[in-house]
Each structure stands twice: as structure tokens, then as C-alpha cells.
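Let's take a friendly walk through a protein fold. Please look at the sequence and the structure first.

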Amino acid sequence: MDYLGLDRSLLPAARAAALQFGLRVPREYVDRMEKGNPQDPLLLQVLPVGAELELRPGFVLDPVGDLAAAPTASVLHKYQGRALLITTGACAVNCRYCFRRHFPYQESSAYLDRWQSALDYLRRDSSIKEVILSGGDPLMIADSRLAELLRALEAIPHLTRLRIHTRMPVIVPQRITERILGELSQTRLNTTVVIHCNHAKELTPFVGQVLQKLRNSGVTLLNQSVLLKRVNDDLETQVQLCETLFDAQVIPYYLHLLDPVQGGAHFDVSHKEARLLYQLLLQRLPGYLVPKLVYEKSGEASKIPITL
Ligand SMILES: *Cc1c(COP(=O)(O)O)cnc(C)c1O
Ligand code: SF4
């Protein structure tokens with residue numbers, strides 16, 4: 001609080017909310033925030049607040065339905081042709097709106113065994129062409145473990161595509177080591193890195209340099225973001241985000257509606273508001289710069305697009 005020049009009266013609520021889901025934010029992300037501004041869009045994403053403790057009907061512990069069903073399953077195979085591997089449960093940052101806020105399960109030392117059963121699953125089903133490394137954040141694991149996993153995936157003949165869902169290039173850009181870049185440029189798998197950036201202010205020049213290196217290693221770069229009240233739910237912020245992403249060679253892929261997670265209700269933007277905003281966004285930007293506006297519903301065979 002003192003570091004950011006914020007009012008200390010915010011502290012008790014922050015402490016109480018952090019008991020439910022810990023405060024976790026790297027210093028260099030904090031350094032991108034505007035000092036003395038309690039409404040800073042980066043701060044709002046990570047600061048525990050009292051509103052998280054209020055219950056709102058429809059906002060539940062496990063909105064996507066994955067975790068309760070199989071809290072230790074390491075492969076989620078809900079959509080045709082692609083399977084999602086929960087590489088680790090850990091993240092470099094705790095985003096307050098995250099659906100995993102009630103399951104901040106940490107990396108287990110059983111990761112190798114779990115990968116074994118995950119790899120067996122992927123080997124057995126030849127309809128799976130794409131593997132998605134997700135979590136948590138897959139780049140929380142050590143480079144050597146990541147390399148080991150890549151070798152095992154490359155050895156599965158029917159896999160042709162690799163996708164890595166990570167917030168690391170945005171939150172901790174120095175995590176993209178030469179070793180990782182080398183691995184990405186060498187793999188036979190057609191690789192896409194999907195970053196998670198919600199606001200143009202997150203894209204510092206250093207983040208831009210790291211994204212350039214990723215591009216130079218031959219991967220496709222996409223972005224997914226979450227539509228968040230007060231953080232990015234206005235037209236200019238969305239336009240700026242999409243344009244800044246493209247300047248950094250990243251294509252906006254998905255704009256997700258919030259998963260209705262307990263403690264996240266104060267970030268909620270209604271379907272109606274989202275649709276209005278989206279209509280304006282379509283008018284402002286070329287089609288290739290407009291992400292797909294979607295939400296997730298358990299039991300469905302894909303993300304569900306919001307139609308005008
Ligand atoms: C979101 C998601 C995917 C990826 O969906 P795409 O539409 O291909 O980006 C895959 N598996 C699971 C379980 C997901 O939740
Ligand atoms: S980085 Fe992604 S998975 Fe991790 S806390 Fe943030 S939104 Fe959740």
C-alpha cells in the first residue's frame with residue numbers, strides 16, 4: 001500500500017479477502033501501476049478487496065465445473081481434436097477474477113507421474129491433433145521439465161499442434177529464457193503461444209521485446225483477455241488493447257465474459273452491456289483485430305460466441 005501510495009484504510013479488507021485467495025503479484029507488474037491511483041486497471045486485477053467477500057446468487061465456487069468433477073485430472077478433453085493438459089496449478093500472479101481462486105492448488109511433486117498418465121491418454125486417442133499446455137501457468141515449471149514434456153509430446157505421432165496458454169510473457173517477461181525460445185524454434189509441432197493481456201498498459205516495451213523474440217522463434221502469437229468491469233469495459237480501452245497487441249504482433253483471439261466465480265461478481269459485465277460494447281468494437285476496428293466474444297458453459301462442445 002505504501003509502495004503504491006495508497007490509502008491504508010484499504011488494508012483490513014485486503015487482508016480479509018487475501019485469506020480466501022492470497023495476494024500474489026510480481027514487483028515488476030506493480031511497477032507498471034500508477035502511484036496513488038486506487039482505480040488503476042492493473043491494480044484492480046490483483047488487489048484483494050472487500051467486495052470479494054460478498055455472496056451473489058449465481059456466482060459459485062466452481063463456475064466451469066471442471067475442478068469439482070476431477071480436481072486432480074491432468075487432461076481435460078472436452079472439445080474435439082484438442083486436449084488441455086493442466087501442466088501445473090501454480091501461477092506467477094493471482095488474478096482476483098480467476099475461476100481457480102477457490103482451488104489455488106500448488107504444483108505437486110507427483111508431476112512426473114501425472115504426466116505419465118496424461119501422456120498415456122494422449123497416445124491412446126489418435127483423434128487428438130492439438131495439445132494445449134495450460135494450468136495454472138505452464139511456464140511456472142522449470143525449463144528442463146518443460147523440455148522433457150515437449151520431447152514426450154513430439155514423440156506422439158498424431159499430435160501436430162502445440163498451444164501454450166500463459167500469462168508469463170506479460171507478467172514476468174524475463175521468464176521467456178533463451179532455452180524456452182530455443183525449444184520453441186526447434187519443435188516439430190506447429191506452435192501457438194496464447195498470452196493473456198487485459199489492458200494496453202500491461203504491454204511495456206520490455207514485454208514487446210519478448211513478444212518479438214517469441215515471434216522470431218516461429219510461433220504464432222494470440223491473446224485472450226477477460227472483459228472486466230472498470231478494468232477494460234469501455235470502447236477506447238478495448239480499441240487500444242487490440243491495436244497495441246497487433247503492433248506487438250499478437251492477434252486478439254478471445255474476449256471472454258467473466259466466469260461467474262464466487263468473489264468475482266464485482267468484475268461482472270452483463271451479456272447485454274458486453275453485446276453493446278462489442279457492436280461498437282466491430283465498427284471501430286478491422287475484422288482481424290476484433291477478438292471473438294465468448295463465454296464458457298460446462299457441458300458444451302466449444303466456447304459459446306455471443307451473437308449480436
Ligand atoms: C478453452 C478450452 C480449450 C480451447 O478452446 P479453443 O476454442 O480451441 O481455443 C480446450 N479445452 C478446454 C477444456 C478448454 O476449456
Ligand atoms: S494467470 Fe490465468 S490462471 Fe493464473 S490466476 Fe491469472 S487468470 Fe487465473
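What follows is a short tour of the sheet and its helices.

This is a predicted model in which local features need pLDDT of at least 70, side-chain atom pairs count only at pLDDT 80 or more, and totals for chains, interfaces and linings use all residues. Residues are numbered from 1 along each chain as its sequence is written, chains are lettered from A and ligands numbered from 1 in the order in which they are written, and side-chain values use heavy atoms, leaving out hydrogens and water.

Nine strands make up an open sheet with mixed pairing, in the order β1-β2-β3-β4-β5-β6-β7-β8-β9. At its edges lie β1 (75-79) and β9 (304-305), each pairing on one side only. Strands are DSSP runs of E with at least two residues, helices runs of H or I with at least four, numbered from the N terminus; two strands pair if DSSP finds at least two bridges between them.

Here are three parallel pairs:

| Pair | Bridges | Opposite residues |
|---|---|---|
| β5 and β6 | five | histidine 196 and glutamine 224 |
| β6 and β7 | five | valine 226 and histidine 256 |
| β7 and β8 | three | leucine 255 and leucine 293 |

How many residues of β6 are buried? Six of its seven are (buried means under 20% relative accessible area, with a 1.4 Å probe and protein chains only), leaving β6 mostly covered.

The chain travels from β5 through helix α9 (residues 205-216) to β6 in a right-handed β-α-β crossover. β6, α10 and β7 also form a right-handed β-α-β unit. Right-handed means that, with the strands pointing away from the viewer, the path from the first strand over the helix to the second runs clockwise.

Note on methods. Buried means under 20% relative accessible area, exposed over 50%, partly exposed in between (1.4 Å probe, protein chains only).
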